[in-house]
Amino acid sequence: MSNSEQTFIAIKPDGVQRGLVGPIISRFENRGFKLAALKMTSPSKELLEQHYGDLSSKPFFPGLLAYMMSGPVVAMVWEGKDVVKTGRTILGATNPLASAPGTIRGDFAIDIGRNVCHGSDSVESAKKEISLWFQPQEVQTYKLAQYAWLYEKEQ
């Protein structure tokens with residue numbers, strides 16, 4: 001795996017309203033991942049329809065859109081070795097009641113409809129989601145000062 005793999009993580013309106021932005025960012029930073037992009041935004045219905053297009057036939061889809069438009073979302077791009085898979089592990093299971101303690105959802109959520117965060121489920125999804133939420137110039141390229149302490153070999 002390349003050290004420059006990227007994933008898309010979004011703190012949903014419930015996470016923002018509950019003041020969990022800092023603790024969630026800390027989980028990724030403490031793990032050693034690099035923050036490449038961050039913005040608070042109020043997503044449009046059109047953006048959310050594209051983002052959640054694979055769920056459009058589900059009965060909960062209209063409620064999901066309404067929920068995601070109910071308040072600001074913090075959209076982020078994180079970078080690092082195997083960050084997509086590890087990011088999903090940091091978030092925990094989609095259903096918070098099935099999430100292990102120590103995961104974001106396991107520590108901060110109860111109901112599947114208020115599960116605090118979204119995380120890309122594959123490298124391909126991450127690329128698509130990043131391009132939906134960010135312009136290329138919004139995603140920063142830089143080397144962390146702690147890089148040599150995180151990675152055995154430079155890639």
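In this predicted model, the buried residues of helix H4 pack against helix H1 (13–17), helix H3 (45–51) and strand E3. Helix H4 itself spans residues 61–68, and the residues in question are Phe 61, Leu 64, Leu 65, Tyr 67 and Met 68. When the helix is viewed down its axis, these buried residues fall within an arc of 165°, so they line one face of H4.

Helix H2 can be read in the same manner. Its buried residues are Ile 24, Ile 25 and Phe 28, and, seen down the axis of H2, they fall within an arc of 95°, so that they too line one face of their helix. The partners of these residues are strand E1 (6–11), strand E2 (34–41), strand E3 (73–79), helix H5, helix H6 (104–108) and strand E4 (117–119). Strand E3 is thus packed against by buried residues of H2 and also by those of H4.

Another residue of helix H2 is Pro 23, which is partly exposed, with a relative accessible area of 35%. Although Pro 23 and Ile 104 are 81 residues apart in sequence, their C-alpha atoms are 8.9 Å apart in space. Just after the end of H2, Gly 32 adopts a positive phi of about 110°.

The pairing of H2 with H5 deserves a closer look. Two packed helices are described by the angle between their axes and by the distance between those axes. For H2 (residues 21–31) and H5 (residues 83–91), the axes come within 11 Å and cross at roughly 135°; the two helices are therefore oblique to each other, and H2 passes H5 in a right-handed crossing. On the H2 side the contact is made by Arg 27, Phe 28 and Arg 31, while H5 contributes Thr 86, Gly 87, Ile 90 and Leu 91. Sorted by class, this contact has three nonpolar, two polar and two charged residues. Phe 28, which takes part in this contact, is also one of the buried residues of H2.

Within H5, Thr 86 offers a view of the contact from the other side. Thr 86 lies in helix H5 and has a relative accessible area of 14%, which is under the 20% cut-off, so this residue counts as buried. Leaving aside its neighbours within four places in sequence, Thr 86 is in contact with Arg 31, Phe 33 and Lys 81. Of these partners, Arg 31 is one of the H2 residues that make the contact between the two helices.

Methods. Residues numbered from 1 in each chain as written. Predicted model: local features only at pLDDT ≥ 70, side-chain atom pairs only at ≥ 80, totals over all residues. Heavy atoms only, no water. Axes fitted to C-alpha atoms, helices over the stretch in contact; angles between N-to-C directions. Helix = DSSP H or I, 4+ residues; strand = E, 2+ residues; numbered from the N terminus. Parallel < 35°, antiparallel > 145°, perpendicular 65-115°, else oblique. Left-handed = near helix turned anticlockwise from the far one by under 90°. Contact = heavy atoms within 4.5 Å. Nonpolar A, V, L, I, M, F, W, Y, C, P; charged D, E, K, R; others polar. Buried < 20%, exposed > 50% of the residue type's maximum accessible area, 1.4 Å probe, protein only. Arc of directions from axis to C-beta.
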